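Trainee: I'd like to go through this one with you and ask how we know what we say about it. Can we look at it together?

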Amino acid sequence: MLYPTYTRRSDPFAVMRSMLRDFERTSPGRATQPVFPAVNVWQGDEAVAITAELPGVDPADIDISVKENVLTLSGERKAPGVPEGARWHRNERGFGKFARSVRLPFVAAEDKVEARMTNGVLRIVIGRPEEDKPRKIEIKAA
Amino acid sequence: MTNDVTHTADKTPAETPETTTGSRIYRPLTDIVETTDGVTLMLEMPGVAAEDVDITLEKRVLTIRGKVHATQPEKLQLAYAEYGEGDFERAFTMSDDFDPDKIGAQVSNGVLTLTLPRAAEAQPKKITVTAS
């Protein structure tokens with residue numbers, strides 16, 4: 001299990017709370033469906049980035065929308081075209097529609113969202129608005 | 001961004017010897033379809049470019065290796081991770097009627113498609129049993 005790393009710095013109980021929540025989820029009777037796609041979230045002073053592995057998904061079949069501070073990623077994994085009379089030996093990959101929302105730490109401006117897909121890995125970079133960027137505060141001599 | 005831990009479909013680490021660098025090796029999810037001319041394999045290898053795929057067929061063992069280009073957005077630090085990145089590796093034992101020179105491989109959107117046509121001389125021959 002992976003936990004958000006940034007919570008460890010400020011709030012010592014965040015990880016414990018997160019673990020408790022996780023325990024509730026994995027307890028019997030509340031079996032959850034795995035979520036697709038898995039995302040990694042990157043943070044920096046200038047931007048926030050979201051990466052996701054979407055093998056076999058055509059970039060044209062992916063919809064990315066931003067509403068205030070929520071980014072939604074949706075689309076469809078299409079099953080490969082197989083000639084008639086073909087026999088399946090193995091079918092491990094999944095297909096179908098998917099949707100995923102990620103809450104951003106700020107309200108994103110539409111023109112600051114950039115998405116790129118390389119070899120089945122989607123990368124969305126969202127620029128931080130000026131007012132959200134960290135500012136250096138000068139200390140004045142008394 | 002919420003602090004909830006999301007349950008995602010895990011990538012399976014390959015059952016191979018450890019790497020010296022400590023990085024993980026994953027087992028790509030594979031679809032295998034048998035058609036009239038041969039066998040088609042579709043392997044999910046996100047982050048692997050066409051030139052970084054290595055396919056060998058030796059003594060009936062088909063080995064597929066893919067080297068991943070790590071996605072590290074510039075000047076950004078990983079804040080939350082649901083999936084790991086690592087090279088891909090998987091091997092299959094094939095029947096011996098494939099011609100290694102005729103294997104076709106193609107990568108698109110992180111999926112490697114391998115087509116293995118069966119050798120012509122290996123097409124099934126029916127043997128009739130005569131009653132004595």
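Trainee: Which residue in strand 6 of chain B stands opposite A:Val41?

Mentor: That's B:Tyr80. Keep in mind as we go that this is a predicted model.

Trainee: What makes strand 1 of chain A and strand 6 of chain B a pair?

Mentor: Count the bridges. Pairing asks for at least two bridges between the strands, and here there are 4, with strand 6 of chain B covering residues 77–81. The criterion is met, and the sense is antiparallel.

Trainee: Where else do strands of chain A and chain B pair?

Mentor: Look at strand 5 of chain A and strand 2 of chain B, residues 30–34. They run antiparallel and are joined by 4 bridges, against the two that the rule needs. One position to click on is A:Asn91, whose bridge partner is B:Asp31.

Trainee: What is the order of the open sheet that holds strand 5 of chain A?

Mentor: The order is 5(A)-2(B)-3(B)-9(B)-8(B), 5 strands with antiparallel pairing. The twist averages 15 degrees from one strand to the next.

Trainee: What makes a strand an edge strand there?

Mentor: An edge strand pairs on one side only. That fits strand 5 of chain A and strand 8 (104–108) of chain B.

Trainee: Back to B:Asp31. How do you know that B:Asp31 forms a salt bridge with A:Arg93?

Mentor: Set the distance against the cut-off. The nitrogen has to be within 4 Å of the carboxyl oxygen, and the closest N and O atoms of B:Asp31 and A:Arg93 are 3.9 Å apart. That counts as a salt bridge.

Trainee: And what distance is there for B:Lys11 and A:Glu53?

Mentor: 3.1 Å, N to O. With the 4 Å limit, that pair is a salt bridge too.

Trainee: Why do you say that the pair joins two chains?

Mentor: B:Lys11 lies in the segment before strand 1 (25–26) of chain B and A:Glu53 in strand 2 of chain A, so the pair joins two chains.

Trainee: How many salt bridges does the rule find across the interface of chain A and chain B?

Mentor: It finds 6 there, while the structure holds 15 over all chains. The interface also has 20 residue pairs in polar contact, both residues being at pLDDT 80 or more.

Trainee: Which element gives the most to the side of chain A that touches chain B?

Mentor: Strand 2 of chain A, with 6 residues. As for the makeup, that side of chain A has 29 nonpolar, 15 polar and 13 charged residues.

Trainee: How many residues does each chain put into the contact?

Mentor: Chain A gives 57 and chain B gives 45. Together they bury about 4700 Å², with 56% of it on carbon and sulfur atoms. A:Trp42, A:Glu53 and A:Arg93 supply 15% of the area that chain A buries against chain B, more than any other three residues.

Trainee: Let's turn to chain A itself. How do you know that strand 4 pairs with strand 6 in chain A?

Mentor: Same test: two bridges are enough, and strand 4 (residues 70–77) of chain A has 8 to strand 6 of chain A, running antiparallel. A:Ser74 has A:Ala99 as its bridge partner in strand 6 of chain A. Strand 3 of chain A is joined to strand 4 of chain A by 6 bridges, again antiparallel, and A:Ile64 stands opposite A:Leu73 in strand 4 of chain A. The open sheet of 3 strands in chain A has the order 3-4-6.

Trainee: What links strand 3 and strand 4 of chain A?

Mentor: They form a hairpin with 2 residues between them, and A:Glu68 in the turn has a positive phi of about 50 degrees.

Trainee: What makes a positive phi worth pointing out?

Mentor: Most residues other than glycine have a negative phi. B:Lys59 is another non-glycine with a positive value, about 45 degrees, and its place is the loop between strand 4 (48–58) and strand 5 (61–68) of chain B.

Trainee: Which peptide bond is cis?

Mentor: The one from A:Phe36 to A:Pro37, with omega near -5 degrees. You'll find A:Pro37 in the loop between helix 2 and strand 1 of chain A.

Note on methods. Residues are numbered from 1 along each chain as its sequence is written. Chains are lettered from A and ligands numbered from 1 in the order in which they are written. This is a predicted model: local features need pLDDT of at least 70, side-chain atom pairs count only at pLDDT 80 or more; totals for chains, interfaces and linings use all residues. Side-chain values use heavy atoms; hydrogens and water are left out. Contact means heavy atoms within 4.5 Å. Buried area is the accessible area (1.4 Å probe) that two parts lose on being put together, summed over both. A salt bridge is a side-chain nitrogen of Lys or Arg within 4 Å of a carboxyl oxygen of Asp or Glu. A polar contact is a pair of N or O atoms within 3.5 Å; within protein, one must be able to donate a hydrogen and the other to accept it, and residues adjacent in sequence count only if both atoms are side-chain atoms. Ala, Val, Leu, Ile, Met, Phe, Trp, Tyr, Cys and Pro count as nonpolar, Asp, Glu, Lys and Arg as charged, and the others, Gly among them, as polar. Axes are lines fitted to C-alpha atoms, for helices over the stretch in contact, and angles run from 0 to 180 degrees between N-to-C directions.
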